[in-house]
Amino acid sequence: MRTASLVGRRDEIRRLDTLLDEAARGRGGALVLRGEPGIGKSALLRHVREAASGFRVMRASGAEFEMELPFAALHQLCAPVLGHLTALPAAHRTALEVAFGLATGTPDPFLVGIATLGLLVETVRERPLLCVVDDAQWLDEASAKALAFLARRVSAERVAVVFSLREPSRLPEPGRSREPSRLQELDRLPGLTVEGLGEAEARALLAAEVRAPLDERVRARILAEARGNPLALLELPRSVGLTGLAGGFAMPDAAPVSSRIEQSFQARLERLPEGARLLLTVAAAEPVGDPALLWRAAELLGLDATSAAPAQASALIEFGTRIRFCHPLARSAVYRSAGLEERRRAHHALAASTDPVADPDRLAWHRAQASAGPDEDVAAELERSAARAQARGGVAAAAAFLERSAALTLTPDLRVERVLAAAQAKLAVGAFDVAAELLTTAETGPLDQPQHARIDLLRGRLSFARHRGSGGALTHLLRAADRLAGSDPAWSRACYLDALEMGVLIGGTGAIADAARAAPPAPQPPSSADAVLDGLVRLSTEGHQAAAAVLRPIIATIDDDVWTRRPSLGFLLSVEMWDFEALIGIADRVVEAGRESGSFHSLPIGLAMLATASAHAGHFGQAMEMISEEEAIAEATGAAPLVYPRLHLAALRGRRQEATELFETVLAASQRMSLSVRWAAAVLNNGLADYPAALHSARQAVAHDDLGLSGLALPELVEAAVRCGERELAASALKTFTERTRSGGVDWGLGVEAYARALVTEDEAAYREAIERLDGCRAAVYRARAHLLYGEWLRRQGRRREARERLRHAHDLLSDIGAEAFAGRAAGELRATGEHARSRSSQASEQLTVQEVHIARLVADGTTSKEVAARLFLSPRTVDAHLRNIFRKLGLTSRKQLRDLPEIR
């Protein structure tokens, strides 16, 4: 251990030592060291490696010139333990093999992340593990996601992960804008900012470095210039000498420390012979650190081993089993000090020395850097590299290759195509500013109508990604649709449908539907997507009756061509048509398709849809299971969880405080969810018999004619208005509701419409019709509410015996479901008939968190801990820790006892 050599770092060392101690005890963790260049992060990494006695230590480093190569850093970290791949589940093993180029396919970084966790867990059976990742600011996008994902999931493992990250605000590389998501992945991990040394510590370090007597004015100048930066304290005297300092040496105070340190490295470089400088330039241009590759390139440049001696004597570089610079800034200083022609010579030699079969992408990249001007051969090679990167899940790499390919393309038409492809890739990785610049560049070239339309489409997606509620996105999409109307009618219609789906998400479908009336006519016979477009236009312009004839067959058949591509639209149309079977069917199919494809885009949407449908079906445990899995994916990918299934579950469960807190949290986070919250509040308050509050919320929910949601709120408005004596309002809402349900013509809608009609007209036959229709429907909550409403009506008619029977049945149904507010209302009505409702035993699931319910249900179905871990992106030890909590809460001792709990199953 070299603790004594690190001046002024007692707190940082204590934090790192604690991390190691906890990991050794099976309580793993991660830490991100942040700070400016030279502040001492690398020294702290060296300390933690030396302090990790008894640990296996694995290392990786981000490299500036490897940021475009997907999974490069992760491969570097995992290479020593790839022999354990065979111990992983097949899907995880395949994900890593594809990521590392050992197999073909398209891995997802988060699947790779959980596979990496599994791989490392296999290595800690013998001893704990320390993973050290230096220069994390230069990690490739895919590695950053996978490593951050891994680091968040080692809490139950004997694993410690330490990153060092140069502060983004201090990055000195001009023109090198890192994608925000790289930093955001690491921002979610525990961090420690490494500050400059205090004056006493800085003086002590300087005294240890400069043994000779030092004039106090010179010492003060060094301390002032270094500002507590240890590397600056060491480099300033070394680079200029004490004479220079005593003679009045001073740098501009405004210059960042990194610039002063780089200048000190450059000063050392200038004293080297030409051959040594060229050798260092080659080493700086190739971050792999492979000595064989370096010496092959050096030989092509006429350099021999004699050039290495002065280079190594400068202490800028180490030549060993791996080529390493003394500091990342030394590499930057060497590369930037070289002239443009010298860099090109270095890259040309590296390209000629790189194996075109084993490493075609690095070959293409070096050839690109060696190009003095447009070169179609190199541009085409980069385009092929982009395709390979895309296939390996390296979208960021594909974007970089395409951007450089476009810059090397001379033919105007081909250049536009490559610029547009690069813009699309940049948009996909969240590099919005770069995507916008590329689109502006594309607009300067010769464009045909389809290319103009592509620009509009990309600008629309860019606008939607940047400003979710902005109408600018819709404007671009509609303009693209109009441009394509003559040259590509099918594409034009697809643009209109995309605009309508976007309108559903941000509001304003009416104006879009009006514009879509100008869409080219559908081909004959029309596709499913064509039918949906025509149906949505009719829905907006002619009403439900006209639209239903077109939309009902498409909704009922659960057409994959439409709903797996536009799942939210299919889900909302099912609600709009009040078709519960389609609602569940589409949700099931989207989940199935998401699992088949491994898509972390569509699977969360499907899970949220299925959770919502399950809640309305009265399967609250299953809804909690789906919510837990969707939230696990959201947490893994860094996305915001989809909150609407939680709103539906909270509204139907009916716990006032719990639901109200959720409503307030959702509204504080996003006003876009306000209508969903108003609907949920109307349901909650109807259940609690707080009808004035329900009426207020229901009015707000139906005020905006949103697809799906407004129709769902109408029966809540009818019930609340009747109870508040607002008969005219109730009758008006019923009329609107009836137009929707009659056009749909299915039992869910017709059954709910029947009990809404009974509320307004007090027609007993309507209550009986509602029960008859809903008894054959899977919408169990609505079926139970129909019995409750009929029982309440019977009691008010003085038919106590019949009322008691009906209310008892309603209470049993609602209690078994867990709809506590409505069950409480039924119990109150029973008391009014002279009978007390049976007390409901506490459900086991009520003592558990959402995630614990999910784990319990999976284990009860016979799923192993390893399989549960894979499903929820956890380690098996974390799953076992959750199981211990579940057993403790439920008073169980075995998995068999868990399987015997019917409320869990």
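Q: Two strands count as paired when DSSP finds at least two bridges between them. In this predicted model, in what order do the five strands of the open sheet stand?
A: The model is predicted, and the strands described here belong to it. The sheet is open and its pairing is parallel. Read across the sheet, the order of its strands is β2-β3-β4-β1-β5.

Q: Which strands stand at the edges of this sheet?
A: In the order β2-β3-β4-β1-β5, the two ends are taken by β2 and β5. Each of these has a single partner strand, so one side of each is left without a neighbour in the sheet. The edge strands are therefore β2 (56–61) and β5 (191–193).

Q: By what angle are neighbouring strands of this sheet turned against each other on average?
A: The strands in question are neighbours in an open sheet with parallel pairing. With direction ignored, the average turn between neighbouring strands of the sheet is 15°.

Q: Which residue of β4 is the bridge partner of Val-132?
A: Strand β3 covers residues 129–134 and strand β4 covers residues 159–166. The two run parallel and are joined by five bridges. In β4, the partner of Val-132 is Val-162.

Q: What angle does the direction of helix α1 make with that of β4?
A: Helix α1 spans residues 10–24 and packs on the sheet. The strands touched by α1 are β1 (29–35), β3, β4 and β5. Between the direction of α1 and that of β4 the angle is about 150°.

Q: Are α41 and α42 roughly parallel or roughly antiparallel to each other?
A: The axes of α41 (residues 780–796) and α42 (residues 800–817) come within 8 Å. They cross at roughly 155°, and angles over 145 degrees count as roughly antiparallel. The relation of α41 to α42 is therefore roughly antiparallel.

Q: How many residues of the contact of α41 with α42 are nonpolar?
A: The crossing of α41 past α42 is left-handed. Among the residues making the contact are Leu-788 and Leu-794 of α41, and Leu-807 and Ile-817 of α42. The contact includes three polar and four charged residues, while the number of nonpolar ones is 12.

Q: Is α37 roughly parallel or roughly antiparallel to α38?
A: Helix α37 covers residues 709–723, and its axis comes within 8 Å of that of α38. The two axes cross at roughly 155°. That angle is why α37 is, relative to α38, roughly antiparallel.

Q: How many residues of the contact of α37 with α38 are nonpolar?
A: The crossing of α37 and α38 is left-handed. Residues that meet there include Leu-714 and Val-718 in α37, and Ala-733 and Phe-737 in α38. Two residues of the contact are polar and two are charged, and the nonpolar ones number 11.

Q: Is α27 roughly parallel or roughly antiparallel to α38?
A: The axes of α27 (residues 544–557) and α38 (residues 727–744) come within 9 Å. They cross at roughly 30°, and angles under 35 degrees count as roughly parallel. The relation of α27 to α38 is therefore roughly parallel.

Q: How many residues of the contact of α27 with α38 are polar?
A: The crossing of α27 and α38 is right-handed. In the contact, His-544, Gln-545, Ala-548 and Arg-552 of α27 meet Glu-739, Arg-740, Ser-743 and Gly-744 of α38. One residue is nonpolar and three are charged, and the polar ones number four.

Q: Which residue is joined to Gln-524 by a cis peptide bond?
A: The bond has an omega of about -5°. The partner lies in the loop between α25 (509–516) and α26 (528–541). That partner is Pro-525.

Q: What is the positive phi of Ala-315?
A: Ala-315 is found in the loop between α14 (308–313) and β6 (317–318). Although Ala-315 is not a glycine, its phi is positive, at about 65°.

Q: How many contacts beyond near neighbours in sequence does the stretch 169–180 have in the model?
A: The protein chain averages a pLDDT of 83, and 87% of the residues score at least 70. Over residues 169–180 the pLDDT is below 50. Beyond near neighbours in sequence, the number of contacts of this stretch in the model is 29.

Conventions
Residues numbered from 1 in each chain as written. Predicted model: local features only at pLDDT ≥ 70, side-chain atom pairs only at ≥ 80, totals over all residues. Heavy atoms only, no water. Helix = DSSP H or I, 4+ residues; strand = E, 2+ residues; numbered from the N terminus. Axes fitted to C-alpha atoms, helices over the stretch in contact; angles between N-to-C directions. Contact = heavy atoms within 4.5 Å. Parallel < 35°, antiparallel > 145°, perpendicular 65-115°, else oblique. Left-handed = near helix turned anticlockwise from the far one by under 90°. Nonpolar A, V, L, I, M, F, W, Y, C, P; charged D, E, K, R; others polar. pLDDT = per-residue confidence, 0-100.
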